Amino acid sequence: MTAGPRDTARDKLRIDKWLWHARFFRTRALAAELAGSGRLRINSERSSRPSHQVRPGDVLTFPQGDRIRVIRIEALSARRGPAAEAQALYTDLDPPAATSALTLAPTGLAQRDPGAGRPTKLQRRKTCALRRRDP
């Protein structure tokens with residue numbers, strides 16, 4: 001028995017659809033924009049087509065926000081399901097990032113990373129004091 005076109009079609013999926021199904025992008029149009037921009041690498045080869053076919057075992061490298069994501073495709077999906085289902089579609093090959101937004105300064109006070117939320121009351125007072133000073 002030979003494999004027909006339907007059997008081989010299940011083994012592959014368009015890269016823009018897979019990125020959307022795996023919930024890396026909010027819309028399929030954003031996933032297609034990345035895939036068409038040439039900033040996506042599939043198995044270390046640059047891809048500039050949203051219609052590029054991927055299969056389980058392929059390694060993707062692409063920018064997302066301020067990070068470079070490196071992931072391995074583990075499975076294909078027929079739909080964009082819930083987050084738990086989407087996380088089963090890939091393995092993240094990135095090194096774990098620091099999860100804490102607070103760091104300890106040399107003065108012993110905790111300082112927030114840029115963009116880590118609202119400043120503390122002490123940080124606001126210091127900012128106000130700096131603004132009131134004359135140069």
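Read from one end of the sequence to the other, the protein runs α-β-α-α-β-β-β-β-β-α-β-β-β-α. That pattern adds up to five helices and nine strands. Keep in mind that what you're looking at is a predicted model. There are 135 residues in the protein, and 22% of them count as buried.

Let's begin with strand E1, which covers residues 13–14 and holds Arg 14. If you pick out the C-alpha atom of Arg 14 and that of Ser 51, you'll find 5.0 Å between them, although the two residues sit 37 apart along the chain. Is Arg 14 buried, partly exposed or exposed? Its relative accessible area is 29%, so Arg 14 goes down as partly exposed, given that the partly exposed class lies between the 20% and 50% limits.

Now jump to strand E6, residues 67–73, and find Arg 69. With a relative accessibility of 10%, Arg 69 counts as buried, because anything under 20% falls in that class. So here's a charged side chain to follow up: what does Arg 69 meet in a salt bridge? The partner is the side chain of Asp 92, with an N to O distance of 3.4 Å. This pair ties together distant parts of the chain, since Arg 69 belongs to strand E6 while Asp 92 belongs to strand E7 (residues 90–92), 23 residues apart. The two ends of the bridge don't share a burial class: Arg 69 is buried at 10%, whereas Asp 92 is partly exposed, its relative accessible area being 35%.

Arg 69 has another contact to look at. Its side chain also joins that of Asp 94 through a polar contact of 3.4 Å. Zoom out a little and you can see the wider arrangement: Arg 67, Arg 69, Asp 92 and Asp 94 are linked in a network of salt bridges.

How many salt bridges turn up in a search of the whole structure? The search finds seven. One of them pairs the side chains of Arg 72 and Glu 74, at 3.2 Å from N to O. Both of these residues are partly exposed, with Arg 72 at 32% relative accessibility and Glu 74 at a relative accessible area of 35%.

A further salt bridge brings together the side chains of Glu 85 and Arg 79, this time at 3.0 Å, again N to O. Glu 85 has a relative accessible area of 32%, which makes it partly exposed. Arg 79 comes out as partly exposed too, at 48% relative accessibility; the exposed class starts over 50%, so Arg 79 stays out of it.

To finish, move on to helix H5, which spans residues 121–132 and includes Lys 121. At a relative accessible area of 51%, Lys 121 counts as exposed, because that class takes in values over 50%. Which residues gather with Lys 121 in a patch of positive charge on the surface? They are Arg 118, Arg 124 and Arg 125. Patch members have no salt bridge by definition, so this group makes a contrast with the linked network of Arg 67, Arg 69, Asp 92 and Asp 94 you saw earlier.

Note on methods
Residues are numbered from 1 along each chain as its sequence is written. This is a predicted model: local features need pLDDT of at least 70, side-chain atom pairs count only at pLDDT 80 or more; totals for chains, interfaces and linings use all residues. Side-chain values use heavy atoms; hydrogens and water are left out. Patches are made of residues with over 30% relative accessible area and no salt bridge: like charges are joined within 9 Å, nonpolar side chains (Val, Leu, Ile, Met, Phe, Trp, Tyr) within 5 Å. Accessible areas come from the Shrake-Rupley method with a 1.4 Å probe; for residues, only the protein chains shown count as cover. A salt bridge is a side-chain nitrogen of Lys or Arg within 4 Å of a carboxyl oxygen of Asp or Glu. Lys and Arg count as positive and Asp and Glu as negative; His and the chain ends are not counted. The place of a charge is taken as NZ of Lys, CZ of Arg, CG of Asp or CD of Glu. Helices (H or I, at least four residues) and strands (E, at least two) are DSSP runs, numbered from the N terminus. Buried means under 20% relative accessible area, exposed over 50%, partly exposed in between (1.4 Å probe, protein chains only). A polar contact is a pair of N or O atoms within 3.5 Å; within protein, one must be able to donate a hydrogen and the other to accept it, and residues adjacent in sequence count only if both atoms are side-chain atoms.
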